[in-house]
Amino acid sequence: MPKKPQRGRMGNIHLFNKKKPEPKPDPEPDPSQPLYVRKSRRQPWSSKDTQYYRDGYPGKEDNLELNDNVLFYKNKLKAKPDGEILSEIHRMWWYNMDKLEDDHNYIQWIFPIREKGMNRHAQPLQPHEAQEIMADSDACCRFLMSYQMMLHFYGIDLINEETGELQRCERTWKERFKFLCTPWAMHNYLRITRMLKSLGELGLEHYKVPFVEFMLKEACEKRTLPRIIESCLDFWLQTIKDESERERLLAYANQYVTYLDDD
């Protein structure tokens, strides 16, 4: 486990620099109450986006001249702008919840995917980079540590590195879950979508089902994360490449949700 860090240096996008108020405690969850889900206007777009991902981005070519992601995961390149090498991000930011919440540049580096993100300094992942990262045992360990760092940020522990099984972090989950249940939590939902796509690109596709299943149980059965349900159904679940698993998890969720028209 990394030592408790000092504050890192990576810059923030100005739009998000304003300090957010501390989230107010939610009322005690009541599983007997209906869990409403809108027939989201995002759904056609999200279906297209996740289908394009599951199909492997047809038409996108591998640019052999781009290697920033593999260099970053080999600890040979600092994240930009004004960032650190990956091992330093893990060491310095692991316990720095404010930094992980407020900085909006690092996520494109620690979870590379084949799409452009908000950080113009981070390049899309290239297929040859993914192969090289997966062939490097140290890079694979760093990628797993990136996943664990973000789980820790969300109040979740990885308890089985073989299967990807998760559980609540008993010391922190109540505090950390609040940051997934606020009106300004959408950036964290987008981060999770990127994280799941990156798992699939870098050899941990089998981690997605335990993650989505964990989040659905918290949202549907325990009602600790009711706000995440639309993003979970529209995006996170849809990143899973195994159709039978997608259908199984959707059937589980449908036992609990009531779908509403957007009007």
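This talk covers the packing of helix 10 and one cavity in a predicted model.

Residues are numbered from 1 along each chain as its sequence is written, and side-chain values use heavy atoms, with hydrogens and water left out. Because the model is predicted, local features need pLDDT of at least 70 and side-chain atom pairs count only at pLDDT 80 or more, while totals for chains, interfaces and linings use all residues.

I begin with helix 10, residues 208-220, and helix 11, residues 229-236 (DSSP runs of H or I, at least four residues, numbered from the N terminus). Their axes come within 10 Å and cross at roughly 150° (lines fitted to C-alpha atoms over the stretch in contact, with angles from 0 to 180 degrees between N-to-C directions). That makes the two helices roughly antiparallel (over 145 degrees; under 35 counts as roughly parallel). On the helix 10 side, the contact (heavy atoms within 4.5 Å) is made by Phe211, Val212, Met215, Leu216, Ala219 and Cys220, and on the helix 11 side by Ile229, Cys232, Leu233 and Trp236. These residues divide into ten nonpolar, no polar and no charged (Ala, Val, Leu, Ile, Met, Phe, Trp, Tyr, Cys and Pro count as nonpolar, Asp, Glu, Lys and Arg as charged, the others as polar).

Helix 12, residues 243-254, packs against helix 10 at an angle of about 5°, with the axes 10 Å apart. The pair is therefore roughly parallel. Residues meeting here include Glu213 and Lys217 in helix 10 and Glu245 and Arg248 in helix 12. By class, this contact has seven nonpolar, no polar and four charged residues.

Terms used
Angles under 35 degrees count as roughly parallel, over 145 as roughly antiparallel, 65 to 115 as roughly perpendicular and the rest as oblique.
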